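The following exercises concern one chain and its ligand. Each task is followed by a solution that proceeds step by step.

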Amino acid sequence: MKVDCLRPPTAKQFASECAVIHTTAFYASGGRGWAAEEFENLLERKTIMLLRTGYSFLLADIFQNEAEILTLAVHPDKQNQGSGGYLLEIFFEECIRSAVNQCVLEVAEDNIAALRLYRGFNFETISIRKGYFKRDNGFSSALVMKKCIFDQ
Ligand SMILES: CC(C)(COP(=O)(O)OP(=O)(O)OC[C@H]1O[C@@H](n2cnc3c(N)ncnc32)[C@H](O)[C@@H]1OP(=O)(O)O)[C@@H](O)C(=O)NCCC(=O)NCCS
(Lines give C-alpha, C1' and ligand atoms only; values in the text may rest on other atoms or scores of the structure.)
Protein backbone atom coordinates (compact mmCIF):
# COMPACT_ATOMS: atom_id res chain seq x y z
CA MET A 1 0.00 0.00 0.00
CA LYS A 2 1.65 3.22 -1.17
CA VAL A 3 0.99 6.29 0.97
CA ASP A 4 1.77 9.85 -0.14
CA CYS A 5 2.51 12.29 2.66
CA LEU A 6 1.66 15.79 1.47
CA ARG A 7 1.80 19.33 2.82
CA PRO A 8 0.65 22.61 1.24
CA PRO A 9 0.75 23.69 -1.51
CA THR A 10 0.86 20.20 -3.14
CA ALA A 11 -1.91 18.78 -0.97
CA LYS A 12 -4.58 21.10 -2.40
CA GLN A 13 -4.70 19.30 -5.75
CA PHE A 14 -6.31 16.33 -3.95
CA ALA A 15 -9.29 18.29 -2.58
CA SER A 16 -11.77 16.69 -5.01
CA GLU A 17 -10.43 13.19 -4.40
CA CYS A 18 -10.79 13.71 -0.63
CA ALA A 19 -14.36 15.00 -1.04
CA VAL A 20 -15.43 11.96 -3.09
CA ILE A 21 -13.91 9.44 -0.67
CA HIS A 22 -15.20 11.33 2.36
CA THR A 23 -18.77 11.64 1.08
CA THR A 24 -18.91 7.99 -0.01
CA ALA A 25 -17.40 6.75 3.23
CA PHE A 26 -19.67 8.78 5.52
CA TYR A 27 -22.85 8.18 3.50
CA ALA A 28 -23.43 4.72 4.96
CA SER A 29 -23.18 5.96 8.55
CA GLY A 30 -25.55 8.89 8.02
CA GLY A 31 -22.72 11.34 8.59
CA ARG A 32 -22.09 14.44 6.49
CA GLY A 33 -19.47 14.32 3.74
CA TRP A 34 -17.37 17.46 3.29
CA ALA A 35 -17.44 19.32 -0.04
CA ALA A 36 -14.39 19.87 -2.26
CA GLU A 37 -14.39 23.60 -1.32
CA GLU A 38 -14.11 22.69 2.36
CA PHE A 39 -11.13 20.46 1.61
CA GLU A 40 -9.56 23.19 -0.55
CA ASN A 41 -9.71 25.58 2.40
CA LEU A 42 -8.31 23.03 4.83
CA LEU A 43 -5.55 21.91 2.47
CA GLU A 44 -4.25 25.49 2.22
CA ARG A 45 -3.45 25.68 5.93
CA LYS A 46 0.28 25.68 6.61
CA THR A 47 -0.21 23.25 9.50
CA ILE A 48 -2.02 20.58 7.50
CA MET A 49 -0.74 17.09 6.66
CA LEU A 50 -2.49 14.82 4.15
CA LEU A 51 -1.74 11.11 3.91
CA ARG A 52 -3.41 9.53 0.87
CA THR A 53 -3.51 6.23 -0.99
CA GLY A 54 -6.01 7.12 -3.74
CA TYR A 55 -8.90 5.31 -2.01
CA SER A 56 -8.31 6.42 1.57
CA PHE A 57 -6.83 9.40 3.35
CA LEU A 58 -6.04 10.90 6.73
CA LEU A 59 -6.09 14.65 7.26
CA ALA A 60 -4.40 16.15 10.31
CA ASP A 61 -3.57 19.57 11.67
CA ILE A 62 -0.21 19.77 13.40
CA PHE A 63 0.67 22.68 15.61
CA GLN A 64 3.94 22.57 17.55
CA ASN A 65 3.96 19.26 19.44
CA GLU A 66 0.25 18.47 19.15
CA ALA A 67 -1.70 16.89 16.29
CA GLU A 68 -5.41 16.75 15.66
CA ILE A 69 -6.79 14.17 13.24
CA LEU A 70 -9.46 16.16 11.41
CA THR A 71 -10.79 13.21 9.49
CA LEU A 72 -9.95 9.71 8.27
CA ALA A 73 -11.88 7.98 5.51
CA VAL A 74 -11.59 4.78 3.49
CA HIS A 75 -13.69 4.12 0.39
CA PRO A 76 -16.40 1.56 1.33
CA ASP A 77 -15.06 -0.97 -1.23
CA LYS A 78 -11.75 -0.98 0.65
CA GLN A 79 -12.93 -0.85 4.25
CA ASN A 80 -12.00 -3.47 6.83
CA GLN A 81 -8.88 -4.43 4.84
CA GLY A 82 -6.33 -2.63 7.00
CA SER A 83 -6.11 0.72 5.21
CA GLY A 84 -7.35 2.87 8.12
CA GLY A 85 -4.92 1.18 10.49
CA TYR A 86 -2.03 1.51 8.06
CA LEU A 87 -2.67 5.25 7.57
CA LEU A 88 -2.62 5.70 11.34
CA GLU A 89 0.67 3.80 11.62
CA ILE A 90 2.30 5.97 8.96
CA PHE A 91 0.84 9.06 10.59
CA PHE A 92 2.35 8.23 13.98
CA GLU A 93 5.73 7.60 12.35
CA GLU A 94 5.49 11.12 10.86
CA CYS A 95 4.52 12.49 14.29
CA ILE A 96 7.56 10.90 15.92
CA ARG A 97 9.81 12.33 13.18
CA SER A 98 8.33 15.79 13.85
CA ALA A 99 8.50 15.47 17.68
CA VAL A 100 4.71 15.57 17.97
CA ASN A 101 3.91 13.92 21.29
CA GLN A 102 0.13 13.91 21.51
CA CYS A 103 -2.80 13.49 19.20
CA VAL A 104 -6.48 14.30 19.67
CA LEU A 105 -9.57 13.59 17.57
CA GLU A 106 -13.34 13.65 17.73
CA VAL A 107 -15.48 10.64 16.86
CA ALA A 108 -19.21 9.90 17.02
CA GLU A 109 -20.09 7.52 19.84
CA ASP A 110 -22.13 5.39 17.40
CA ASN A 111 -19.23 4.95 14.95
CA ILE A 112 -18.37 1.36 15.87
CA ALA A 113 -15.67 0.82 13.22
CA ALA A 114 -13.81 4.05 14.02
CA LEU A 115 -14.00 3.48 17.78
CA ARG A 116 -12.61 -0.01 17.40
CA LEU A 117 -9.79 1.32 15.25
CA TYR A 118 -8.89 4.20 17.59
CA ARG A 119 -9.13 2.11 20.76
CA GLY A 120 -6.84 -0.43 19.10
CA PHE A 121 -4.30 2.39 18.80
CA ASN A 122 -4.69 3.26 22.51
CA PHE A 123 -6.75 6.41 22.10
CA GLU A 124 -8.62 7.21 25.32
CA THR A 125 -11.77 9.27 25.78
CA ILE A 126 -11.05 12.56 27.57
CA SER A 127 -14.43 14.28 27.19
CA ILE A 128 -17.89 13.87 25.68
CA ARG A 129 -19.81 16.46 23.67
CA LYS A 130 -23.46 15.56 24.15
CA GLY A 131 -25.67 15.53 21.04
CA TYR A 132 -22.88 16.92 18.85
CA PHE A 133 -23.68 15.12 15.58
CA LYS A 134 -27.06 15.37 13.85
CA ARG A 135 -28.59 12.09 12.71
CA ASP A 136 -31.76 11.36 10.70
CA ASN A 137 -33.39 10.06 13.87
CA GLY A 138 -31.86 12.42 16.42
CA PHE A 139 -28.38 13.20 17.64
CA SER A 140 -25.21 11.34 18.54
CA SER A 141 -22.61 12.49 21.05
CA ALA A 142 -18.98 13.09 20.13
CA LEU A 143 -16.16 11.49 22.06
CA VAL A 144 -12.99 13.55 22.26
CA MET A 145 -10.10 11.07 22.30
CA LYS A 146 -6.41 11.53 22.99
CA LYS A 147 -3.29 9.44 22.54
CA CYS A 148 0.12 10.21 24.00
CA ILE A 149 2.45 9.19 21.20
CA PHE A 150 5.73 8.72 23.06
CA ASP A 151 4.15 6.80 25.96
CA GLN A 152 2.93 3.90 23.79
C1 LIG B 1 -13.38 4.01 10.31
C2 LIG B 1 -12.61 3.63 9.05
C3 LIG B 1 -11.68 4.78 8.69
C4 LIG B 1 -11.80 2.37 9.37
O5 LIG B 1 -10.96 2.11 8.24
P6 LIG B 1 -10.70 0.59 7.74
O7 LIG B 1 -9.69 0.62 6.67
O8 LIG B 1 -12.02 -0.02 7.43
O9 LIG B 1 -10.14 -0.05 9.07
P10 LIG B 1 -9.13 -1.29 9.18
O11 LIG B 1 -9.42 -2.27 8.11
O12 LIG B 1 -7.76 -0.74 9.30
O13 LIG B 1 -9.62 -1.92 10.53
C14 LIG B 1 -9.21 -1.42 11.76
C15 LIG B 1 -10.10 -1.97 12.86
O16 LIG B 1 -11.43 -1.50 12.71
C17 LIG B 1 -12.31 -2.63 12.65
N18 LIG B 1 -13.36 -2.38 11.70
C19 LIG B 1 -13.24 -1.94 10.43
N20 LIG B 1 -14.48 -1.87 9.88
C21 LIG B 1 -15.35 -2.27 10.84
C22 LIG B 1 -16.77 -2.39 10.91
N23 LIG B 1 -17.56 -2.06 9.85
N24 LIG B 1 -17.34 -2.78 12.05
C25 LIG B 1 -16.60 -3.09 13.13
N26 LIG B 1 -15.23 -2.99 13.14
C27 LIG B 1 -14.64 -2.59 12.01
C28 LIG B 1 -11.46 -3.76 12.16
O29 LIG B 1 -12.02 -5.01 12.55
C30 LIG B 1 -10.17 -3.49 12.84
O31 LIG B 1 -10.23 -3.89 14.19
P32 LIG B 1 -9.38 -5.13 14.68
O33 LIG B 1 -7.95 -4.77 14.35
O34 LIG B 1 -9.68 -5.16 16.12
O35 LIG B 1 -9.87 -6.28 13.88
C36 LIG B 1 -13.57 3.30 7.87
O37 LIG B 1 -14.51 2.34 8.31
C38 LIG B 1 -14.31 4.50 7.32
O39 LIG B 1 -13.84 5.19 6.41
N40 LIG B 1 -15.52 4.76 7.87
C41 LIG B 1 -16.33 5.90 7.41
C42 LIG B 1 -15.69 7.22 7.78
C43 LIG B 1 -15.42 7.32 9.26
O44 LIG B 1 -16.25 6.96 10.09
N45 LIG B 1 -14.21 7.84 9.61
C46 LIG B 1 -13.81 8.06 10.98
C47 LIG B 1 -14.17 9.43 11.38
S48 LIG B 1 -13.66 9.81 13.00
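The radius of gyration is taken here over C-alpha atoms, and the rule for a globule is 2.2 Å times the number of residues to the power 0.38. The model under study is a predicted one.

**Exercise 1. Overall form**

Task: Determine whether the radius of gyration of the chain agrees with that of a compact globule.

Solution. Step 1: for 152 residues, the rule gives a radius of gyration near 15 Å for a compact globule. Step 2: the chain has 15 Å, so the value agrees with the rule. Step 3: the extent of the C-alpha trace along its principal axes is about 40 × 35 × 30 Å. Step 4: of the 152 residues, 31% are buried. Step 5: when contacts between residues at least 6 apart in sequence are considered, 59% join residues at least 24 apart.

**Exercise 2. Order of elements**

Task: State how many helices and strands the chain has, and give their pattern along the sequence.

Solution. Step 1: the chain contains 4 helices and 7 strands. Step 2: in sequence order, they follow β-α-α-β-β-β-α-β-α-β-β.

**Exercise 3. The faces of α3**

Task: Establish how the buried residues of α3 are arranged about the helix axis.

Solution. Step 1: the buried residues of α3 are Ser83, Gly84, Leu87, Leu88, Phe91 and Cys95. Step 2: viewed down the axis of α3, these residues fall within an arc of 135°, and therefore they line one face of the helix. Step 3: they pack against β2, β3, β4, β5 and α4. Step 4: the face turned away from the buried side bears the exposed residues Glu93, Ile96 and Arg97. Step 5: just after α3, alanine 99 adopts a positive phi of about 60°.

**Exercise 4. The buried side of α1**

Task: Identify the buried residues of α1 and what covers them.

Solution. Step 1: Ala15, Cys18, Ile21, His22 and Ala25 are the buried residues of α1. Step 2: down the axis of α1, they fall within an arc of 135°, so they line one face of the helix. Step 3: the elements covering them include α2, β3 and β4.

**Exercise 5. The ligand shell**

Task: Describe which elements and residues surround the ligand.

Solution. Step 1: α1, β4, α3 and α4 each contribute at least two residues to the shell. Step 2: α4 provides the largest share, 6 residues. Step 3: among the 22 residues around the ligand, those that come nearest are Gln79, Gly84, Gly85, Ala113 and Ala114. Step 4: by character, the shell comprises 10 nonpolar, 11 polar and 1 charged residues.

How values were computed
Residues numbered from 1 in each chain as written. Predicted model: local features only at pLDDT ≥ 70, side-chain atom pairs only at ≥ 80, totals over all residues. Near = placed C-beta within 6 Å. Nonpolar A, V, L, I, M, F, W, Y, C, P; charged D, E, K, R; others polar. Buried ≥ 20, exposed ≤ 12 C-beta atoms within 10 Å, placed from the backbone. Arc of directions from axis to C-beta. Contact = placed C-beta atoms within 7 Å.
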